[in-house]
Amino acid sequence: MSRDHLQPVERPAPGAVPDRTRPEDRSASEPHGRSASEPHDRPAQGSAETPFLELLARGASAEAYDQPVLLARAEGLPTERITALEQARRLALRVRSDLEGRRRREAELSALFETAHDLAGLRDLDAVLQAIVQRARSLLGTDVAYLSLNDPARGDTYMRVTEGSVAARFQQLRLGMGEGLGGLVAQTARPYVTDDYFRDDRFEHTLTIDTSVRDEGLVAIVGVPLMLGHTVIGVLFAADRRARVFEREQIALLGSFAALAAAAIDTANLLAETRSALAGLERANEIIQDRSGVIERASDVHDRLAELVLRGGGVHDVAAAVSEVLDGTVEFTEAATAPTRALEASRAEAHVVRHGRDWVAAVSAGDELLGALVLRGHPGLDPVDQRTLERAAMVTSLLLLARRSAAEAEQRVRGELLDDLLDARDRDPRLMRERAARLHADLEATHAVLSARIEGSAADADEEADARRRLWAAASHLAATRQGLAAARDGGTVLLLPLGPDDTATELARRTARQLGTAVHEPVTVGASAPVEHLTARPDTVATAYVEARRCLDALRVLGRSGDGAAAEDFGFLGLLLAGEGDITGFVDRTIGPVVAYDQRRGTDLLRTLDTYFACGMSPVRTKDDLHVHVNTVAQRLDRVGRLLGDDWQSPDRALEIQLALRLYRFSAPAGA
């Protein structure tokens, strides 16, 4: 995706020395060993954070964090003090952003773990199943969600719970085993999804089912099995009244809810068996006591886990809580580091599996293995504790899926905003700024557009696509941490990142190349545009800057600098070819600006001397003849030029750039100048 910024900001060329007073003039007025600009008094360390801590304490708005800096500038405080305040403000805003993100994640996770809490304290099966269906519909954003259960006595299946349904016939639907999409799910014990129900011939259509689905107006449907061990007891569905492609993560999340529903039914069955046994022999009382203890213990564990997660805990916090309950050491491990056979067996059986002196519970969502909970050094584990470890693995999978969904949603929103900036689809500056503010991005700040591409030879199209996804994921994470934007475009990734007060586009490009390369474990080449400001002032600002960044990226690759980062200004006069609008003024200023300024300020003739010197083949003797001055005068003027432009100004590369800048300056200068 391309985004173009604003007017390029002119910066001195690398190595250029800004013109100030002569060293001999400074020596008389400045103390030995100290620059005139060096501060003598420094503010007390630590005092800059105080106003921002107060703002954090009272939950102030983001705009309020600008006031201490503005007040300091208004009062004319020293530069060091203002810089310290600006640094403290950035850190405080980052803390505020993290706090707001945590609160937002807690609100999203509460819906997921309320289901686990309901299951832990199961009293009414219908209420729990209704809550599961309702939350599944809400989290997947579908029009309808429903749950069907098999009826072994009648040999068919029936609608148990619906949410969002408006057709009475659909709500009372009963159908034979093996019919419709649900029948396919029940037969194969695997999730199935259809983008368009009536055009899908993979399952058996019947008049009864099709009429009910048509009454409800459903088009896209996904169904996942409710499993007790290896037995399918029903199907959990989510459906939309329009064509829709369900993503893998959404199907996995629905599968987790189906597991919760199956667990609720299983727990309800246990309760029913216990209550039935209560009416029998006196020994049944002992069974009831035992079952009740199991349930209460499970309820206590799930209450603790739900409370922990809603407070913002992570998977390792869940492992720590279960360690305390089981009186052992429980660790969360990635799927790649867990015992392979035990992990696969646990996933297949949906139970914990013993591995030597350890117990392994697979953490999975649908067909995806997310990791494992491993109980270390605990060879004896009663069924209650096994069930506790299994439920903890289920809660862990929900936590991982919820956080992944939240992160991917934010990445998509950032990418969509950058797409709009690149394509200039939304021309309302106020709306663009509001969208950026919700992502903690400031479009009025100075930014650079960066084009990044991963280097390396992919074996096939799938491997190349995977490399691009990894680059986009790494760039999105970097953009989120830097209050910027990122999107995938043109086979690579484009980023819009803010520039710090002392940052340059070149430094930003090189730093980004290193960070992305480290994240994806492959070289990443990054080209940067010149700095741009006020990104919403012109619709084509970001797009123009993106074109410049792409040209810079192509130049790096052509020059054999793959895996590096650079901006157009790094290529000297070649940067004129890379810049989208031909930044002649910027090139001239970076190359001979100090000499121009010196002549204008002091009325000297260094530019003419420099031009004549090059015209005479860099011969001081021929130069003095053309200028009608003494050769010592030429030498003094050239010495002054060297102090202004740097000692390497006569090297071949620099000399070529200086001659081009002199000619461009002569052509662009007003007549008579």
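Reader: Which residue in the turn between β12 and β13 has a positive phi?
Author: This is a predicted model. In it, β12 and β13 form a hairpin, with two residues between the strands. One residue in that turn has a positive phi of about 55°. That residue is D490.

Reader: How many bridges join β12 and β13, and what is the partner of A488?
Author: The two strands pair in the antiparallel sense. They do so over five bridges. In β13, the bridge partner of A488 is T493.

Reader: Is β13 mostly covered or exposed?
Author: G492, V494, L496 and P498 point one way from β13. T493, L495 and L497 point the other way. Residues on both sides are buried. With seven of its seven residues buried, β13 is mostly covered.

Reader: Which residue of β13 is the bridge partner of V449?
Author: β13 also pairs with β11, again antiparallel. Six bridges hold that pairing. V449 has its partner in β13, and the partner is L496.

Reader: What is the strand order of the open sheet?
Author: The sheet has five strands, and their pairing is mixed. β12 (485–489) and β15 (565–567) stand at the edges. Each has a single partner strand, so one side of each is left without a neighbour in the sheet. The twist averages 20° from one strand to the next. The order is β12-β13-β11-β14-β15.

Reader: Which helix packs on this sheet, and what angle does its direction make with that of β14?
Author: The helix is α16, residues 505–520. It touches β11, β13, β14 and β15. Its direction and that of β14 make an angle of about 155°.

Reader: Which residue of β14 is the bridge partner of R453?
Author: β11 and β14 (residues 524–528) run antiparallel as a pair. Five bridges join them. Opposite R453, the partner in β14 is T525.

Reader: Is E455 buried or exposed?
Author: E455 lies in the loop between β11 (447–454) and α15 (461–481). Its relative accessibility is 11%. The cut-off for buried is under 20%. E455 therefore counts as buried.

Reader: Which side chain makes a polar contact with the side chain of E455?
Author: Beyond residues up to four places away in sequence, E455 touches E522, P523, T525, R557, S562 and G563. One of these meets E455 in a polar contact between side chains, at 2.8 Å. That residue is T525.

Reader: How many of the eight residues of β1 are buried?
Author: β1 covers residues 144–151. The strand is largely enclosed by the rest of the structure, because most of its residues are buried. The count is seven of the eight.

Reader: Which strands pair with β1, and over how many bridges?
Author: β1 and β6 (residues 231–240) run antiparallel, joined by six bridges. There, A145 stands opposite A238. β2 (residues 156–163) also pairs with β1 in the antiparallel sense, and S148 has M159 as its bridge partner. The answer is β6 over six bridges and β2 over seven.

Reader: Which residue in the turn between β1 and β2 has a positive phi?
Author: These strands form a hairpin too. Four residues lie between them. The residue with a positive phi, about 70°, is G155.

Reader: How are the rings of Y197 and F198 arranged?
Author: The whole structure holds eight aromatic pairs. In this one, the ring centres are 5.2 Å apart and the planes stand at 90°. Planes over 60 degrees apart count as edge-to-face. The pair is therefore edge-to-face.

Reader: How many residues apart are Y613 and W649?
Author: Their ring centres are 6.0 Å apart, and the planes are at 45°, so the pair is tilted. Y613 sits in helix α20 (residues 606–615), and W649 in the loop between α22 (631–645) and α23 (652–668). Y613 is buried at 4% relative accessibility, and W649 is buried at 3%. The pair links distant parts of the chain, 36 residues apart.

Reader: Where does pLDDT stay under 50?
Author: The mean pLDDT of the protein chain is 78. In the chain, 79% of residues reach 70 or more. The stretch that stays under 50 is residues 1–45.

Conventions: Residues are numbered from 1 along each chain as its sequence is written. This is a predicted model: local features need pLDDT of at least 70, side-chain atom pairs count only at pLDDT 80 or more; totals for chains, interfaces and linings use all residues. Side-chain values use heavy atoms; hydrogens and water are left out. Buried means under 20% relative accessible area, exposed over 50%, partly exposed in between (1.4 Å probe, protein chains only). Two strands pair if DSSP finds at least two bridges between them. pLDDT is the predictor's confidence in each residue, from 0 to 100. Contact means heavy atoms within 4.5 Å. A polar contact is a pair of N or O atoms within 3.5 Å; within protein, one must be able to donate a hydrogen and the other to accept it, and residues adjacent in sequence count only if both atoms are side-chain atoms. Axes are lines fitted to C-alpha atoms, for helices over the stretch in contact, and angles run from 0 to 180 degrees between N-to-C directions. Rings of Phe, Tyr and Trp (its six-membered ring) pair if their centres lie within 6.5 Å; planes under 30 degrees apart count as stacked, over 60 as edge-to-face and the rest as tilted.
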